[in-house]
Amino acid sequence: MSEFFSNRTLGIVTKHQKEALIGPLFQEAFGWEYALLEVDTDQLGTFTGEIEREADPLTTARKKVALVSDDAHDMVIVSEGSFGPHPAVGFIAADDELLLLYDCKSKEEFIVRHITAETNFNGQEVSNAEELHNFLERAKFPEHAVIIRESRAGKVVEKGIHSLEKVKSLSNLFFEKKSSVYIETDMRAMHNPMRQKAIIETCKKLIEKLRSACPECHHPGYDVSEVISGLPCMNCFYPTRSTLSYLYHCKKCDYTEEKKYPHGKSHEDPMYCDHCNP
Ligand SMILES: [Zn+2]
Ligand SMILES: [Zn+2]
């Protein structure tokens, strides 16, 4: 393994106990010692919306890195999750995880994204015990915590709730007072096993990326920098919108390489050809 990996320490920036998920994976992969970097990341936005996250996930991750002073650490890692409609399949919810590893020595960033539909992300206005029960079942409660709000955009009454008794008593107060209450899934890592699984998958992706070395200078993080479309149609040989090749690029030495037919096929089915099947 390259010199890059030896004798490194990893500082994990989190407020939600993510060091227990992230640290051991990198320790096992590269032998890195790790430590929790406790920073109040909530000042950059929270899931529960008390402070609205202003920037996009990558900008937010970079701001978190900037919160820890450069000279005190070696490697710094930040995990950032976003939840909403799936970017490819709009009608289902997705967990979009981003992991940013920053090398304080070389000032180099290693970034991976992992999008999964395996999430319980949800929120609903409920007005009776049955609706509440159905929501909790879908939310995979009580292993996954929930948040109760006065209304959809209203104040958080309580978050990180794992107790059925508590959900019931808080909801009943609202059913009596104003007929309904807003309940949503708590997406903070320590309250959400599905999210924990997604973070672990993202870490594995980053480890794989770091292990991928440039064929020219052996620097880690050699990865696809661009996807080129234009796979020719099997019938008319016109270029289709399907992937023809991946461009690989080394940020260190600028070595670039085009790898054709990444999906193992040299022609596309005419079914996906705008010319043959408009
Ligand atoms: Zn290189
Ligand atoms: Zn065609």
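## Strand β7 and its side chains

A residue counts as buried if 20 or more other C-beta atoms lie within 10 Å of its own. Keep that in mind as you look at this predicted model, beginning with strand β7, which covers residues 146-149. Which way do its residues point? V146 and I148 point one way, while I147 and R149 point the other way. By the definition above, all of these residues are buried.

## The partners of β7

Now let's see what β7 pairs with. One partner is strand β8, made of residues 156-161, and the two run in the antiparallel sense, with three bridges between them. To get from β7 to β8, follow the hairpin of six residues that joins them. Across this pairing, you can find R149 opposite V156 of β8.

Strand β7 also pairs with strand β9, residues 181-185. How many bridges link β7 and β9? There are four, and this pairing is antiparallel too. Here, look for I147, which stands opposite E184 in β9.

## A sheet of three strands

Further along the chain, three strands make an open sheet in the order β10-β11-β12, with antiparallel pairing. Which strands lie at the edges? They are β10 (223-229) and β12 (256-260), each of which pairs on one side only. On average, neighbouring strands in this sheet are turned by 25° against each other, ignoring direction.

Let's take a closer look at one pairing in this sheet. Strand β11 spans residues 243-249 and is linked to β10 by six bridges in the antiparallel sense. A good pair to find on your screen is V227 and Y246, since these residues stand opposite each other, with Y246 in β11.

Note on methods. Residues are numbered from 1 along each chain as its sequence is written. Chains are lettered from A and ligands numbered from 1 in the order in which they are written. This is a predicted model: local features need pLDDT of at least 70, side-chain atom pairs count only at pLDDT 80 or more; totals for chains, interfaces and linings use all residues. A residue is buried if 20 or more other C-beta atoms lie within 10 Å of its own, exposed if 12 or fewer, and partly exposed in between; C-beta atoms are placed from the backbone. Two strands pair if DSSP finds at least two bridges between them. Axes are lines fitted to C-alpha atoms, for helices over the stretch in contact, and angles run from 0 to 180 degrees between N-to-C directions.
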